[in-house]
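Colleague: I would like a close look at one helix in this model. Please pick one and show me how it sits among its neighbours.

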Amino acid sequence: MSEDKPRVVAIIQARMGSSRRPGKTLADISGKPLIWHVVERTRASQTVDAVVLATTSEENDQQLLRIAEEYGILGYAGSLNDVLDRFYQAACLSHAEIIVRVTADDPFKDPQVIDRVVTCLLENPELDYASNTIEPTYPEGLDIEVFTFKALERAWNEARLTSEREHVTPYIWKNPEKFNILNLRHSHDLSSLRWTLDYEEDLQFTREIYARLYHGQIFLMDEILGLLAREPHLLEINQGKVRNAGYLLSLQQDAGEQQKPE
């Protein structure tokens, strides 16, 4: 990479509270907490210069700040519900010029997928935002969003709806007239695959995959796909869950806010 490459910071949003599975951030997977695997997978990216763990100022999340220190990464504690503000403050603190949004409930984050999306943004300086999520073709859990600090700052200043504040990026990708955005597609549509962790079934699926593939080193998307081709019964463990359930709930809150009398 050239010396004038913008500073790329991956911000991992994490908290102990969860409406669907509280405490999942520290769930044991092959002898390590989930957050450890997410941090290690993110750090394995060739394009990311620094990793920040962005949690909340809630008392129960103080342990995540201690974990960040233990892992040798920057920790930031901010708003519980205004995750957009949490990201903005963490980006300022870490002097980020390009931000990679990482969610801590994705145990299979793939550093090669991260690099593909980051490289796309770096090689196309007219872009404000690049992701593989607007039209999903990757498994849920391999979602990656990359955006400029300038785009983040504009969203932070202008976004008003609950869904826009809780989920960081909707204001950007919902306003293509304000931002230059790009969606990266996989050669095959794999969006029906669920590789995230919200429910007990997801944890069971995760542990089964790690038991077969994790030997102290990071395994990648293609290895998981190969395993699932050999053992398709594993797909049955967490079938039938809704993709992006948290964002859909925020949209319902938006509708309620818009119907309130002035």
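Modeller: First, a term: buried means under 20% relative accessible area, exposed means over 50%, and partly exposed lies in between (1.4 Å probe, protein chains only). Helices (H or I, at least four residues) and strands (E, at least two) are DSSP runs, numbered from the N terminus. The model is predicted: local features need pLDDT of at least 70, side-chain atom pairs count only at pLDDT 80 or more, and totals for chains, interfaces and linings use all residues. Residues are numbered from 1 along each chain as its sequence is written, and side-chain values use heavy atoms, without hydrogens or water.

Let us take α5. This helix covers residues 149–158. Which of its residues are buried? They are F149, A151, L152 and A155. Look down the axis of α5: these buried residues fall within an arc of 160 degrees (taken from the directions from the axis to the C-beta atoms), so they line one face of the helix.

What lies over the buried residues of α5? The cover includes the helices α3 (83–93), α6 (162–166) and α7 (170–173). The strands β6 (98–103) and β8 (145–148) are also included.

Now find α3. It packs against α5 at an angle of about 140 degrees, and their axes lie 10 Å apart. Axes are lines fitted to C-alpha atoms, for helices over the stretch in contact; angles run from 0 to 180 degrees between N-to-C directions. The pair α3 and α5 is therefore oblique (neither under 35 degrees, roughly parallel, nor over 145, roughly antiparallel, nor 65 to 115, roughly perpendicular). Contact means heavy atoms within 4.5 Å. On the α3 side, L84, D85, F87, Y88, Q89, A91 and C92 make the contact. On the α5 side, F149, L152, E153, A155 and W156 do so. Notice that F149, L152 and A155 are also among the buried residues of α5.

Next, the loop between α6 and α7, where V168 has its place. V168 has a positive phi of about 70 degrees although it is not a glycine. Most residues other than glycine have a negative phi. V168 counts as buried, at 1% relative accessibility.

Compare S30. It sits in the loop between β2 (28–29) and β3 (32–33). Its phi is near 55 degrees, again a positive value in a residue other than glycine. But S30 counts as partly exposed, at 39% relative accessibility.

Now widen the view to the cores. A nonpolar core is a set of buried Ala, Val, Leu, Ile, Met, Phe, Trp, Tyr and Cys residues joined through side-chain atoms within 4.5 Å. The largest one has 55 residues. Those with the most contacts inside it are I12, I35, V100, F108, W195 and I209. At least two residues of this core come from each of β1 (8–13), α1 (34–43), β4 (50–56), α2 (62–71), β6, α4 (111–123), α8 (200–213) and α9 (221–230). The most comes from α4, with 6 residues. A second, separate core has 25 residues, including Y129, F149, A151 and A159. So where do F149 and A151 of our helix belong? They belong to that second core.

For contrast, turn to α9. Its buried residues are M221, I224, L227 and L228. Seen down the axis of α9, they fall within an arc of 125 degrees, so they line one face of the helix. On the other side of α9, D222, A229 and R230 are exposed. The cover over the buried residues of α9 includes α8. The axes of α8 and α9 come within 11 Å and cross at roughly 100 degrees. These two helices are therefore roughly perpendicular to each other. F205, I209, R212 and L213 of α8 meet E223, I224, L227 and L228 of α9.

Then look at α1. Here 8 of the 10 residues are buried, so the rest of the structure largely encloses it. They are L34, I35, W36, H37, V38, V39, R41 and T42.

Finally, the whole chain. It has 10 helices and 9 strands. Of its 262 residues, 53% are buried. Among contacts between residues at least 6 apart in sequence, 71% join residues at least 24 apart.
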